[in-house]
Amino acid sequence: MKKQIMVITAILLIGISGWLLYDNNQPEKTNGNTKGVQPGFEEGSNTISFGLLDENDKVVNNGSILEPKENKLEYTLSLSNFIEVERDYALIVLDNFKQIPFTVQGKQYNVYPFNAKANKTVDFKTSISVKKDTSEIDYLVIKKPNYFTEKLDIPKMHSLQEILPLRFQVKNNSQKQKTATFTPEEIFNEGPNDTIFISKQKEELTILPTERSGEDIYISVGNINEEKENYNIIALSNWKQVPFENNEVVGNVLVNPGERKVFKFKLPFVKANSNFQVIALPRPYEVSEKDYESTRAEGSMRAVIKP
């Protein structure tokens, strides 16, 4: 799919920075706010604004530096669902690009599902335990986590491929972490390209709505920009991180302009239908509030893995 379509979709659906979230199991946390975290994002605006709030309910700038207190990061995540429909979401957290458990309202989760009513703002308190070597923390919000796109419906698939990210540096004294560099099976320098794509064929970018457990597919990591780009990539099945074929759960891919690197991947075995998605996070460990590109997360179109 062309990157321009993806960018337009993102602009229509979310605010670019300073962003906001909630929990269906905590109805008392629904609040009556009619304005989002950014000017212009308000009830009826057909937008989603989301972000992290500190203990004084001040917005924490996306891409900024978080400072742990007693080895914990404790913030409120808030999301304003200023669209005309109720929607389910899910939250996952990455520590140095590896999925970790976290607590919401005192209870531990690996994947935290929550619901947002139409034109309502919801929020909940989160707590993350960090290690001495934690350099980057990423909060990733997934739209409609239990919705399966088993048929080729491009508008829905475009909408659901979008990941809502909050990425932060963590203040510590450790050096930047090293990530395993993935060696591609093949490199293409012409033809269709996209930042992150999953397909049955390595030569073509053909949308893959469904596939069986254990089957081989291809992951493409591309660069449509004019400068080199560096990505860490992760794979999620049912919103839980799964390893690549070399048993690494995080892979680093450096891509030249106009280049597309292709990697073979064997889908995990599942007992029930499972959403599968690969996510590319640009400029790992270089996140900055002054560099919007470093705060992004690009998702492939979802595929449904069948038993």
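The following dialogue examines how terms are applied to this predicted model.

Trainee: What makes confidence in this model uneven along the chain?

Mentor: The chain averages a pLDDT of 88, and 86% of the residues score at least 70. Over residues 1–30, however, the pLDDT is below 50. That stretch still has 101 contacts in the model beyond near neighbours in sequence. On a scale that runs from 0 to 100, the chain average is 88, whereas residues 1–30 fall below 50.

Trainee: Why is the pair Glu162 and Lys143 called a salt bridge?

Mentor: The term requires a side-chain nitrogen of Lys or Arg within 4 Å of a carboxyl oxygen of Asp or Glu. For Glu162 and Lys143 the N to O distance is 2.8 Å, so the pair meets the criterion. Glu162 lies in the loop between helix H2 (154–161) and S13, while Lys143 belongs to strand S12, so the bridge ties together parts that are 19 residues apart in sequence. Both Glu162 and Lys143 are buried.

Trainee: How do you know that Glu186 and Lys202 form a salt bridge, and which parts does the pair tie together?

Mentor: Their side chains meet at 3.2 Å, N to O, and the cut-off is 4 Å, so the term applies. Glu186 is in strand S14 (residues 186–188) and Lys202 in the loop between strand S15 (196–199) and strand S16 (210–212); the pair therefore ties together parts 16 residues apart in sequence.

Trainee: Why is Lys202 classed as buried or exposed, and how is Glu186 classed?

Mentor: Buried means under 20% relative accessible area, and exposed means over 50%. Lys202 has 18% relative accessibility, so Lys202 counts as buried. Glu186 has 30%, so Glu186 counts as partly exposed.

Trainee: What makes Glu215 and Lys200 a salt bridge, and how accessible are the two residues?

Mentor: The N to O distance is 3.6 Å, and the limit is 4 Å, so the pair qualifies. Glu215 lies in the loop between S16 and strand S17 (216–222) and Lys200 in the loop between S15 and S16, so the pair ties together parts 15 residues apart in sequence. Glu215 has a relative accessible area of 34% and is therefore partly exposed. Lys200, at 30%, is likewise partly exposed. The structure holds 16 salt bridges, and Glu136, Asp138 and Arg167 are linked in a network of them.

Trainee: How do you know that S12 and S13 pair, and in which sense?

Mentor: At least two bridges between two strands are needed. S12 and S13 are joined by seven bridges in the antiparallel sense, so they pair. Within this pairing, Glu136 has Gln169 in S13 as its bridge partner. Strand S4 (residues 65–66) and S13 run parallel and are joined by two bridges, so that pairing also satisfies the criterion. There, Leu66 is partnered by Val170 of S13.

Trainee: Why is S13 described as largely enclosed?

Mentor: Seven of its eight residues are buried, so the rest of the structure largely encloses S13. Strand S13 (163–170) is also among the elements that give two or more residues to the largest nonpolar core, as is strand S12 (136–143).

Trainee: Which residues touch the most other members of that core?

Mentor: Of its 31 residues, Leu91, Ile128, Ile137 and Tyr139 do so. Leaving aside neighbours within four places in sequence, Ile137 is in contact with residues including Leu73, Val93, Ile128, Leu166 and Phe168. A second, separate core has 23 residues, among them Ile198, Ile219, Val242 and Phe265.

Trainee: What makes S14 and S15 edge strands?

Mentor: The open sheet has four strands in the order S14-S21-S17-S15, with antiparallel pairing. S14 and S15 each have a single partner strand, so one side of each is left without a neighbour in the sheet. The twist averages 30° from one strand to the next.

Trainee: How is S21 joined to its partners, and how covered is S21?

Mentor: S14 and strand S21 (residues 260–266) pair over three antiparallel bridges, with Ile187 opposite Lys261 of S21. S17 is joined to S21 by seven bridges, also antiparallel, and Ile217 stands opposite Phe265. Five of the seven residues of S21 are buried, and the strand is thus described as mostly covered.

Technical notes:
Residues numbered from 1 in each chain as written. Predicted model: local features only at pLDDT ≥ 70, side-chain atom pairs only at ≥ 80, totals over all residues. Heavy atoms only, no water. Core = buried A, V, L, I, M, F, W, Y, C linked by side-chain atoms within 4.5 Å. Buried < 20%, exposed > 50% of the residue type's maximum accessible area, 1.4 Å probe, protein only. Contact = heavy atoms within 4.5 Å. Axes fitted to C-alpha atoms, helices over the stretch in contact; angles between N-to-C directions. pLDDT = per-residue confidence, 0-100.
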